[in-house]
Amino acid sequence: MRKVIIGMPGIMLCNLIGFIAFWLSGYIPIGAISLAIILGILVGNSLRLSHHFKSGINYSEKYLLSIAIALLGIQLNFSILQELGYTTILMIILTMSVTVFSSLLFAKWWGFDKRFALLLGLGNGICGSSAIAATKDIVGANDEQVGLSIAIVNFLGTIGIFLLPFIAHYLLNFSDLNAGVLIGNTLQAVGQVLAAGFSVSQPTGEVATVVKMVRILLLAPVILILIFVFSRANRKTNEDIKVAYKIPLFVIGFFSFSLIQTFGLLSHEQVGLVSRLSHYALIVAMSGIGLKIAFDGIVKNGKKALLIASMTFGLQIIMSSSLVFVFLR
């Protein structure tokens, strides 16, 4: 409680930026989370904030983000797997895997930071901002990498809202159902999937939503895999084994809330409330991250990160389209 009181100026600033971002998202189609990062960057680089704000900004960026990720698990209902056949589920897993590994491969070719590239791959391959936020501490990414990853992935997803319906419906002449699979298997955020899918037709939107939900479910096993992989990496560098195998509390909370949703332990209204709390906490946390990003870091890493993310997203679209042609036509 003492930390909260001391950090109140920074916490209030992050909430103010978060509220403005949430309000602007109703008029600008790039999402409140990305807007919170952008506004945070503008404020942090335009104003000389005193040291009184530092502890509150750190609190919002660290603790509110952990709370947001834990509550995010309420969106995962594993029973939705019954709605799709094995073929479509395998297509989703294969596309996600290729997306993540291609991002790492592109980074290796151009000498780009592999942790940064991993965030870009996870954001493109699974569920955008949520995947990046949920895995940043596990992979050891810094605030600048997190902020830029989320901004870039959401920027590409916004373009995809208009690009994917054109590709699916007009360029490839997919049926409504196959168009839904393509859209749901490529766009990053749920809102983007809904916007793109239902712009084609009602059936396309419904299929795209279900496919997207399955992609979100992949976040759970991916988190476990990353914990195992990076634990082994830490052991090889002679770091403390106990630290290496320590599972963050937000991961435990994430899985606990996903089980609550799967077994229907909360009403629909309660699930909606928890989901909204998670979303707002994530917006405020992203405001804190944005406040800590310097313009020189954007200039240094932004262009190459955008290039790698764009190539990864393009390959993801090609991969998903090809799988639809092979298995669903």
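1. Helix α7 is a natural place to begin in this predicted model, since the residues buried there are Ser-129, Ser-130, Ala-131, Ile-132, Ala-133, Ala-134, Thr-135, Lys-136, Ile-138 and Val-139. Put as a count, 10 of the 11 residues of α7 are buried, and the helix is mostly covered. Just after α7 comes Gly-140, whose phi is positive at about 80 degrees.

2. Two residues of α7 may be looked at individually, beginning with Ser-130, which is found in that helix. The relative accessible area of Ser-130 is 16%, and it therefore counts as buried, the cut-off being under 20%. When neighbours within four places in sequence are left aside, the contacts of Ser-130 are with Leu-72, Leu-219 and Leu-282.

3. Ile-132 also lies in helix α7, and with a relative accessible area of 0% it is buried. Beyond its neighbours within four places in sequence, Ile-132 is in contact with Leu-119, Gly-123, Val-146, Ser-149, Ile-150 and Val-153. Leu-118 is 14 residues away from Ile-132 in sequence, and the two are separated by 9.0 Å in space, C-alpha to C-alpha.

4. The largest pocket has a volume of about 940 Å³ and is lined by 37 residues, with Gln-75, Ala-189, Val-190, Gly-191 and His-279 lying nearest its centre. Helices that each supply at least two residues of this lining are α3 (32–46), α7 (129–139), α8 (143–171), α10 (190–200), α11 (202–217) and α15 (268–291). The largest share of the lining, 7 residues, is contributed by α15. By residue class, the lining of the largest pocket divides into 20 nonpolar and 17 polar residues, with no charged residue.

5. Helix α15 is also the place of Glu-269. What is the relative accessible area of Glu-269? The value is 58%, and Glu-269 is therefore exposed, since exposed means over 50%. Glu-269 stands 12 residues from Phe-257 in sequence, with 15 Å between their C-alpha atoms.

6. Ser-258 lies in helix α14 (residues 249–262) and, at 0% relative accessibility, counts as buried. Leaving aside neighbours within four places in sequence, Ser-258 is in contact with Gly-73, Ile-74, Leu-76 and Phe-78. For one of these, Leu-76, the separation from Ser-258 is 182 residues in sequence but 5.0 Å in space, C-alpha to C-alpha.

7. Leu-187 lies in the loop between α9 and α10, yet at 0% relative accessibility it counts as buried. Its contacts, apart from neighbours within four places in sequence, are with Gly-157, Gly-160, Ile-161, Leu-164, Gln-192, Val-193, Ala-196, Lys-212, Arg-215 and Phe-313. Leu-187 and Gly-197 are 10 residues apart in sequence, and their C-alpha atoms are 10.0 Å apart.

8. The backbone at Asn-173 deserves a check, as this residue has a positive phi of about 55 degrees although it is not a glycine. Most residues other than glycine have a negative phi. Asn-173 has its place in the loop between α8 and α9 (176–184), where, at 58% relative accessibility, it counts as exposed.

9. Turning to the chain as a whole, there are 16 helices and 0 strands. For 329 residues a compact globule would have a radius of gyration near 20 Å, and the 19 Å found for the chain agrees with that expectation. The C-alpha trace spans about 60 × 45 × 40 Å along its principal axes.

10. Two further totals concern packing and surface. Of the contacts in the chain between residues at least 6 apart in sequence, 80% join residues at least 24 apart, and buried residues make up 50% of the 329 residues. The accessible surface of the chain comes to about 15800 Å², and 68% of this area belongs to carbon and sulfur atoms.

Notes:
Residues are numbered from 1 along each chain as its sequence is written. This is a predicted model: local features need pLDDT of at least 70, side-chain atom pairs count only at pLDDT 80 or more; totals for chains, interfaces and linings use all residues. Side-chain values use heavy atoms; hydrogens and water are left out. On a 1 Å grid over the protein atoms alone, a cavity is a set of points where a 1.4 Å probe fits but cannot get out, and a pocket is an open set with protein on both sides within 12 Å along at least five of seven lines; lining residues have an atom within 4 Å of a point. Grid points are joined across faces, edges and corners, and a volume is the space filled by probe spheres set on the points. Helices (H or I, at least four residues) and strands (E, at least two) are DSSP runs, numbered from the N terminus. Ala, Val, Leu, Ile, Met, Phe, Trp, Tyr, Cys and Pro count as nonpolar, Asp, Glu, Lys and Arg as charged, and the others, Gly among them, as polar. The radius of gyration is taken over C-alpha atoms; the globule rule is 2.2 Å times the number of residues to the power 0.38. Buried means under 20% relative accessible area, exposed over 50%, partly exposed in between (1.4 Å probe, protein chains only). Contact means heavy atoms within 4.5 Å. Accessible areas come from the Shrake-Rupley method with a 1.4 Å probe; for residues, only the protein chains shown count as cover.
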